[in-house]
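Student: I would like a close look at one part of this structure, a single helix. Please take it slowly and then show how the rest of the chain relates to it.

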Amino acid sequence: MRINNCPAVISGGGSGMGAATAKLLSQLGAKVTILDIDLNAAQKIASEIQGNAIACDITNSESVEIALEQARKLHGPAKICVNCAGIVRARRIINQQGVMPLQDFREVIEVNLIGTFNLMRLAAADMEKIPQQDDTEERGIIINTASVAAYEGQIGQTAYSASKGGIVSLTLPAARELAAFGIRVMTIAPGLVDTPMLQKIPAEARAALIQNIPFPHRLAKPEEYAHLAVHIIENPMLNGEVIRLDGALRMQAR
Ligand SMILES: NC(=O)c1ccc[n+]([C@@H]2O[C@H](COP(=O)([O-])OP(=O)(O)OC[C@H]3O[C@@H](n4cnc5c(N)ncnc54)[C@H](O)[C@@H]3O)[C@@H](O)[C@H]2O)c1
């Protein structure tokens, strides 16, 4: 998929990996619309890249429909959809306060898994109506964001790991189904990335996590996620797959 002049929507583009992706796609000539529940954050990034910012809660069907409609009016239907919005919560099933409230589990699944699916389905419905690109027959590309916690979740990560495991599992069936329309579906599973989300973890815990990253022996940069997203967009044979972006990190049982 050619990026120059291509309409793109990026959820969670107000921060971290979504913001880095918005910036890189914009540099490459994409017409970027940032969808984020935090409108101020989205507007700040949009103003840096001459993009657009729309307040959107990915868990809400109507909110995403309205946001995509606004984005469509600005730039035409998005051919690139990058799902970066997500939340992280750490909570043991049983801790000193008692059993994990079901609502805690539900909230993480709601944003990370159901929210991702919600934007994916509505963006795909828009893409399906776009004329196919002449040379590649492509109509669109959807990139979702899982996590290595989908494979090696640690203690306290049942909800987060389940939400990201769901994204890993839907990648192939979604790609198989949307292939009929010339739409690809890919997922990136980052390891530990230096974003505001990870900065919420105390410094000692971050240092301990970095110890386990073989090479490069450091946190990933959000720009490295953005570069992978660009490669995925440009390489039409990448479809239905999950790519780990983790410096060979395999999180330990703890
Ligand atoms: N940072 C890491 O180490 C890491 C590792 C693996 C996976 N991930 C995943 O990568 C994605 C991006 O993470 P990040 O580190 O850039 O996070 P971040 O916290 O920097 O950015 C997440 C963005 O999502 C937005 N958001 C949250 N809930 C939303 C909702 N309901 N609707 C719309 N927007 C919403 C936030 O406002 C924020 O701007 C997330 O899905 C996260 O789970 C992060």
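Tutor: The answer below starts with helix 6 and then moves outward to the rest of the chain.

The model is predicted, and every value that follows is computed from it. Helix 6 covers residues 158–178, which makes 21 residues. From its first C-alpha to its last it reaches 30 Å, close to the 30 Å expected at 1.5 Å a residue. The helix does have a kink of about 30 degrees, located at L170. The proline P173 comes shortly after that point.

Next, consider which residues of helix 6 are buried. They are A159, Y160, S161, S163, K164, I167, T171, A174 and L178. The buried residues of helix 6 pack against helix 4 (102–127) and helix 5 (149–152). They also pack against three strands: strand 7 (140–145), strand 8 (183–190) and strand 9 (242–245).

G166 is also in helix 6, but it is not on the buried list. A residue needs 20 or more other C-beta atoms within 10 Å to count as buried. G166 has 18, so it is partly exposed. To place G166 in the wider structure, take I54: the two are 112 residues apart in sequence, and their C-alpha atoms are 26 Å apart in space.

Helix 1 (16–27) can be treated in the same way. Its twelve residues should span 16 Å at 1.5 Å a residue, and its end C-alpha atoms are 17 Å apart, which agrees. Eleven of the twelve residues are buried, so helix 1 is largely enclosed by the rest of the structure. The buried residues in helix 1 are G16, M17, G18, A19, A20, T21, A22, K23, L24, L25 and S26. After helix 1 comes G29, with a positive phi near 100 degrees.

Helix 1 also leads to the ligand. In total, 32 residues surround the ligand, and the closest are G12, G16, G86, T195 and M197. Helix 1, helix 4 and helix 7 (196–199) are the elements that give two or more residues to this shell. Sorted by class, the shell has 16 nonpolar, 13 polar and three charged residues.

Helix 4 has now come up twice, as a packing partner of helix 6 and as a contributor to the shell around the ligand. M100 is in the loop between strand 6 (98–99) and helix 4. M100 has 17 C-beta neighbours inside 10 Å and therefore counts as partly exposed. Apart from neighbours within four places in sequence, M100 is in contact with R91, R92, I93 and F105. The C-alpha atoms of M100 and G156 are separated by 9.9 Å, although the two residues are 56 residues apart along the chain.

A second pair shows a similar arrangement. S61 is in helix 3 (residues 61–75), and with 13 other C-beta atoms within 10 Å it is partly exposed. S61 and N118 are 57 residues apart in sequence, yet their C-alpha atoms are 6.6 Å apart in space.

Some backbone details remain. Most residues other than glycine have a negative phi, and most peptide bonds are trans. N5 is not a glycine, but its phi is positive, about 70 degrees. N5 lies in the segment before strand 1 (7–11) and is exposed, with 12 other C-beta atoms within 10 Å. A248 is not a glycine either, and its phi is also positive, about 70 degrees. A248 is in the segment after strand 9 and counts as exposed, with 11 C-beta neighbours inside 10 Å. As for peptide bonds, the one joining F215 and P216 is cis, with omega about -5 degrees. P216 is in the loop between helix 8 (203–211) and helix 9 (222–234).

Finally, here is the chain as a whole. Its secondary structure comes to nine helices and nine strands. The C-alpha trace spans about 55 × 40 × 35 Å along its principal axes. A compact globule of 254 residues would have a radius of gyration near 18 Å; the chain has 18 Å, which agrees. Of the 254 residues, 44% count as buried. Among contacts in the chain with a separation of 6 or more, 71% are between residues 24 or more positions apart.

Technical notes
Residues are numbered from 1 along each chain as its sequence is written. This is a predicted model: local features need pLDDT of at least 70, side-chain atom pairs count only at pLDDT 80 or more; totals for chains, interfaces and linings use all residues. Helices (H or I, at least four residues) and strands (E, at least two) are DSSP runs, numbered from the N terminus. The expected span of a helix is 1.5 Å times one less than its number of residues. The bend at a residue is the angle between axes fitted to the seven residues ending there and the seven starting there. Two residues are in contact if their C-beta atoms, placed from the backbone, lie within 7 Å. A residue is near a molecule or strand if its C-beta atom, placed from the backbone, lies within 6 Å of it. Ala, Val, Leu, Ile, Met, Phe, Trp, Tyr, Cys and Pro count as nonpolar, Asp, Glu, Lys and Arg as charged, and the others, Gly among them, as polar. The radius of gyration is taken over C-alpha atoms; the globule rule is 2.2 Å times the number of residues to the power 0.38.
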